[in-house]
Amino acid sequence: MSAMHKEHILYAEGVNKTFDGFKAINDLNFYMDEGELRTVIGPNGAGKTTFLDLITGRTKPDTGTIRFGGEGTDLTRKSEYEIYRLGVGRKFQTPTVYTDHTVFENLLLSLEGSRGVFATLFSRVTPAQRDRIREILKIIGLSAREEAKAGSLAHGQKQWLEIGMLLAQNARLLLVDEPAAGMSDEETAKTGELLLSLAGKHSIIVIEHDMVFVRQIASKVTVLHQGHILCEGTVDQVQSDERVIEVYLGRSKKH
Amino acid sequence: MQKSYSRRELLAVFIVAVVAIVVIPCLNAFLPESSPLHVSDYSINLWGKYLSYAILAITVDLLWGYTGLLSLGQSLYFSLGGYMMGMYLMRMIGSLGQYHMPIPDFLVFLGWTTLPEFWKPFSSFAFAMMMVVVLPGALAFVFGFLAFRSRIRGVYFSILTQALTYAACLLFFRNNILLGGNNGFTDFKFILGHDVRTAATERGLYVATAIFLLIVYLGFKWLTSTKLGKVQRAIRDSENRVLFSGYAAGNFKLFIFVLAAVVAGLAGALYVPQVGIINPGEMATQNSLEAVVWVAVGGRGTLVGPIVGAIFVNALKSYATRAFPDYWPIILGGMFLLVVLFLPRGLVGLAEHCAALIGRARQKAKPPAEAAEEPAPPAAAGQIAVK
């Protein structure tokens, strides 16, 4: 991949999604470059999480296409696990880890490797996999908790474990839904650093409410409003945009 | 620590297996009835029944405790296996029935003079055993395929399994499907040339059941230790995460569901010659629910739990239905409530809890240097190293 020829890793065109008459996504067009770190913000109900659901195949759009990678595979025709296998990883809004498994096993299950029923029956942990897991544990700061059950981790640690699971997967596109939710300021800052260190190697979409956090990590911000893209740009551009102030920032200032 | 514990567990399993498979049958066969250590024929037969139930219970737990699929229809697969074995046993009666005809009595009663085509291959034990595996497996495959493809989960899945069982139960009550209707199959005479009513045959069936239970236990122990077993428990705890980790969760569930059905079918096939009867009552939803209670009482999510639970509850049932028959449903229900409210991990969990308490008490008695072995508090986890 050369820097001169910028490829879209994700492009969504004319996407619509209605839930019981509520237009969650309204004629959405979204383009993202390979290696980009993009932040999506927007008030509650703007369609942020629905957008991620559409990318990962959890829900299907009424109309429109969502194409992924240089090959332009249409994700709207794939199921969740097929989309995963194309290289899309997702971190949920509430930390979603396997609570009864150890931290090590959580990463092992996320690691690239056997995925079929019978393949998993006879797969063994290789030394290379073990090393990779240790490496990830170091990155997410959970080396000491390797054998602890994921359910016993603190909230912030679970968030990091889930990010670690995306790293283990070695996804091309990481979708990260509110990584800083419920974290202390210090933890939030560290999460930001972690995401920044991953950008470039991976393309990342982050959904976030916390503007301090957005300012820390954002190169380019997309503002969603009522399922439609209101504007895109740098944090400063977005924050000075009249429409954004009206629907989002302005309203939050009043409170 | 984990390792030494499981080694101890395996040793315990080995001892229990030797007692159940070798010692008890020998005490039955070689000791005179006057001996205080003699095991009666009645007990052997009773335990053979309990162990068949234990196998059924393990399959319920494999689905419920390990995969999060609460099947309220495991007795269906158990009964189907039993029916397939029953068809073979009916053929082995030959002309010794009430009507002295070469076809089963109920067919004579329905006006048949020759054997219906689909009954014919069941004269072969091998064919019947194949059907014991194939019929429950095939039904589970079709049902599971449709249910998991439609992403039917949780309580909806449970209700569907129960509805299917109820439908099958009603179907088997009908005379015109030529499977004995209301009365089912009974009055068995021979299995593989041995008289089913002799002590030696009963002992043989008991040993076969005990060995099969051991195989199932060890097999499932291995299965749950593989990566597949990890995926299985991951599905239980967070199916969405599993899907977004690239596993086709539905395929895993289907595999486990079919496996559980096949094993339950084999358990049913072992059960029928020992109790000497199979009828649609065996499919009643109540039986599936009871199996769930065994698992809950014994300890969900463990492999020993369902075995302990099945034996404990059924032994209690044998006693209680004689001592105070009217109160048995209340006792059963009360036990279930008690376990759900106070013993989330059943009898096995209770035993572990007691062991832990004793361990802690011992540690207190020892000098503090030993007691400090507890895992160190989680190191400051905030240290994210970023390259």
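Which residue of S10(A) does His225(A) stand opposite? I looked this up first: His225(A) faces His228(A). The model is a predicted one, and I read every value below as computed from it.

**Entry 1. The sheet around S9(A) and S10(A)**

I followed the two histidines into their strands. Strand S9 of chain A covers residues 220-225 and pairs with S10(A) in the antiparallel sense, over 5 bridges. I then traced the sheet to which they belong. This is an open sheet of 6 strands in chain A, with the order S6-S7-S8-S3-S9-S10 and mixed pairing. Its edges are strand S6 (88-91) and strand S10 (228-233) of chain A, each of which pairs on one side only. From one strand to the next I noted an average twist of 20 degrees.

I also checked which helix lies across the S6 side. Helix H6 of chain A, residues 155-169, lies across S6 and strand S7 (173-177) of chain A. The direction of H6(A) is at about 175 degrees to that of S6(A).

**Entry 2. The second sheet of chain A**

I next examined an open sheet of 4 strands in chain A, which has the order S2-S1-S4-S5 and antiparallel pairing. S2 and strand S5 (73-74) of chain A are the edge strands, each pairing on one side only. H1(A) packs on this sheet and touches S1, S2 and S4 of chain A, its direction making about 65 degrees with that of S2(A).

How many bridges join strand S1 to strand S2 of chain A? I found 8 bridges between S1 (residues 8-19) and S2 (residues 22-33), and the two strands run antiparallel. I recorded two of the facing pairs. Val15(A) has Leu28(A) in S2(A) as its bridge partner, and Lys17(A) stands opposite Ile25(A) in S2(A). The two strands form a hairpin with 2 residues between them. In that turn, Asp20(A) has a positive phi of about 45 degrees.

**Entry 3. Lys60(A)**

I located Lys60(A) in the loop between helix H1 (48-55) and strand S4 (63-68) of chain A. Is this residue buried, exposed or partly exposed? I count 13 other C-beta atoms within 10 Å of Lys60(A), so it is partly exposed; the exposed class ends at 12 and the buried class begins at 20. I also took the C-alpha separation between Lys60(A) and Ser79(A), which is 9.4 Å for residues 19 apart along the chain.

**Entry 4. Chain A as a whole**

I tallied 10 helices and 10 strands in chain A. The radius of gyration is 19 Å, close to the 18 Å that the globule rule gives for 255 residues, so chain A is as compact as a globular protein of that length. Its C-alpha trace spans about 55 × 45 × 40 Å along the principal axes. Of its 255 residues, 45% count as buried. Among contacts in chain A with a separation of 6 or more, 64% join residues 24 or more positions apart.

**Entry 5. Chain B**

For chain B I recorded 15 helices and 4 strands. Its radius of gyration is 24 Å, which agrees with the value near 21 Å for a compact globule of 387 residues. The C-alpha trace of chain B spans about 85 × 60 × 40 Å along its principal axes. Buried residues make up 42% of the chain. Of the contacts in chain B with a separation of 6 or more, 75% are between residues 24 or more positions apart.

I then turned to the largest nonpolar core, which has 163 residues. Ala54(B), Ala57(B) and Ile58(B) touch the most other members. Helix H10 of chain B (residues 249-275) gives this core its largest share, 18 residues. I listed the contacts of Ala57(B) beyond four places in sequence: among them are Ala291(B), Trp294(B), Val295(B), Pro306(B) and Ile307(B).

**Entry 6. Where the chains meet**

Finally I examined the contact between the chains, where 37 residues of chain A touch 29 residues of chain B. On the chain A side, the elements giving two or more residues include helix H2 (80-86), helix H3 (103-110), helix H5 (127-139) and H6. Which element gives the largest share of this side? It is H7(A), with 6 residues. By residue class I noted 13 nonpolar, 12 polar and 12 charged on the side of chain A that touches chain B.

Notes: Residues numbered from 1 in each chain as written. Chains lettered and ligands numbered in written order. Predicted model: local features only at pLDDT ≥ 70, side-chain atom pairs only at ≥ 80, totals over all residues. Rg over C-alpha atoms; globule rule 2.2 N^0.38 Å. Contact = placed C-beta atoms within 7 Å. Pairing = 2+ DSSP bridges. Axes fitted to C-alpha atoms, helices over the stretch in contact; angles between N-to-C directions. Nonpolar A, V, L, I, M, F, W, Y, C, P; charged D, E, K, R; others polar. Core = buried A, V, L, I, M, F, W, Y, C linked by C-beta atoms within 7 Å.
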